[in-house]
Amino acid sequence: MAAFIMNPYEPQIGPTDIVKHAGRIRENTITTDDGVSLVVREIGPPDAPLTVVFAHGYCLRMAAWGPQLSRLERLWGNTVRLVAYDQRGHGRSGRADPASCTISQLGRDLQSVITTVAPSGPIVLVGHSMGGMTVLSHAEQFPHMIGTRVIGAALIATAAEGLRRSGLFPQVNGPVLAALRLGIGIAPRAANVAKVAAATAVTVAAQRRIGGFRIGLDPSVAMFGSTSIDTIRAFLESLEAHDETAALPLLGTVPSVVVCGETDMVTPIRNSEEIAAAMPRAEFVRVAGAGHMIQFEHPRLVTEAIARTVERAVPCRQYGLAMAGCL
């Protein structure tokens, strides 16, 4: 039975919590190359010898990494800085021209985050779903970063090519989103109601195969429901048609991990199998009974996969990191 856990550490954190953590958590806003504001949160010392950057998925926000950020901070302490951000149009980041809502632009946004928040030192990139596509897009557009700055990657429940024929996407992008498109033009308020209903229906359908679903405990429903219809619509074309397969040989030169649930209906496991096959240094983790929101379903497993990748990637003696793999 799959357990969905809302971790209070990251999703619900507020000003009071930031004070309690005595400066370990910092939040700021950066500007992308086309002028969109992104909200970025850092956990850990700014002078840590390693930075791990987390990119969330479609219709989610940085809170989607709550279980991992909480556990990894306890594991690594002051030796690693954790960086998470809301992608354009998501969470508290700025809205963007729909024409700019592409996987290619998300790769450039990731570079803006790196340039502003982590301009030097080694980096490990972590992406879930659309966030994994962001990592691949970044590698394709900034190949000089791979092996020099980017020393490892974790790709969670993602795909290197468009989702036009993949999993639930044809159903989601068919009648449900066709209705949303029509509703936006006719009755925006009704479309918002339909959006939340669609989020609930799609999530329930996706989890029906693995059992144990309790809608009140699944954070992804609330995140989807709070995402603007403009953002949902704007990214659809790019999600359908993107192609980052050229990035796989590049990322294949650094330690990496590919994780996917066997019952993932959004980015089915065949996508992850293809990614892992093209990345010879990748560890491939397939999880029986797990769906698309695997970081909530199996938070410890995903956290440990990320930690193993970091420990494989880090040149311990050079950077003096206090990790198990460095001892």
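**A guided reading of the predicted model**

Cys59 lies in the loop between strand E3 (50-55) and H2. The structure discussed here is a predicted model, and this residue is a convenient place to enter it. Most residues other than glycine have a negative phi. Cys59 departs from that pattern, with a positive phi of about 65 degrees although it is not a glycine. Cys59 counts as buried because its relative accessibility is 0%, where buried means under 20%.

A second residue with a positive phi is Ala157, whose value is near 45 degrees even though it is a residue other than glycine. Ala157 belongs to the loop between strand E6 (150-156) and helix H5 (169-186). With a relative accessibility of 0%, Ala157 is likewise counted as buried.

The loop that contains Cys59 leads on to H2, and H2 packs against another helix. Two packed helices are described by the angle between their axes and the distance between the axes. For helix H2 (residues 66-76) and helix H13 (residues 299-313), the axes come within 9 Å and cross at roughly 50 degrees. H2 is therefore oblique to H13, since the angle falls neither under 35 degrees nor in the range from 65 to 115. The crossing of these two helices is right-handed. On the side of H2, the contact is made by Pro67, Gln68, Arg71, Leu72, Leu75 and Trp76. H13 contributes Pro299, Arg300, Val302, Thr303, Ile306, Ala307 and Val310.

The nonpolar interior may be considered next. The largest nonpolar core has 34 residues, and the members that touch the most others are Tyr85, Val113, Leu125 and Leu251. Helix H3 (residues 103-117) supplies the largest share of this core, namely 4 residues. A second core, separate from this one, holds 33 residues, among them Trp65, Val80, Ile306 and Ala307. Ile306 and Ala307 also take part in the contact between H2 and H13.

Within the largest core, Val113 shows how parts of the chain come together. When its neighbours within four places in sequence are left aside, Val113 is in contact with Ile30, Leu38, Val40, Val83, Tyr85 and Ala118. Of these partners, Tyr85 is itself one of the residues that touch the most other members of the core.

Charged residues add another set of links. Side chains of opposite charge can pair when their charged atoms come close. The count of salt bridges in this model is 11. One of them joins Arg81 to Glu42, with the closest N and O atoms 3.0 Å apart. Distant parts of the chain are linked by this pair, for Arg81 is in strand E4 (residues 80-85) and Glu42 is in strand E2 (residues 37-43), 39 residues apart. Are the partners in this bridge buried or exposed? Arg81 counts as buried because its relative accessibility is 5%, and Glu42 is buried because its relative accessible area is 7%. Both residues also belong to a network of salt bridges that includes Arg26.

Two further bridges share Arg286. In one, Glu262 pairs with Arg286, the closest N and O atoms being 3.1 Å apart. Glu262 sits in the loop between strand E7 (256-261) and helix H11 (269-277), whereas Arg286 is in strand E8 (residues 282-287), 24 residues apart. In the other, the side chains of Glu273 and Arg286 meet at 3.0 Å, N to O. This pair connects helix H11, which holds Glu273, with strand E8, and its two residues are 13 residues apart. The surroundings of these side chains can be stated for each in turn. Glu262 counts as partly exposed because its relative accessibility is 37%. Arg286, at 42%, is also counted as partly exposed. Glu273 is partly exposed as well, with a relative accessible area of 31%.

The final stop is Ser100, in the loop between E4 and H3. Its relative accessibility is 11%, so Ser100 counts as buried. Which residues does Ser100 contact when its neighbours within four places in sequence are left aside? The residues in contact with Ser100 are Asp34, Arg88 and Gln105. Ser100 can also be placed relative to Ser238: the two are 138 residues apart in sequence and 9.9 Å apart in space, C-alpha to C-alpha.

How values were computed:
Residues numbered from 1 in each chain as written. Predicted model: local features only at pLDDT ≥ 70, side-chain atom pairs only at ≥ 80, totals over all residues. Heavy atoms only, no water. Core = buried A, V, L, I, M, F, W, Y, C linked by side-chain atoms within 4.5 Å. Buried < 20%, exposed > 50% of the residue type's maximum accessible area, 1.4 Å probe, protein only. Contact = heavy atoms within 4.5 Å. Salt bridge = Lys/Arg side-chain N within 4 Å of Asp/Glu carboxyl O. Axes fitted to C-alpha atoms, helices over the stretch in contact; angles between N-to-C directions. Parallel < 35°, antiparallel > 145°, perpendicular 65-115°, else oblique. Left-handed = near helix turned anticlockwise from the far one by under 90°.
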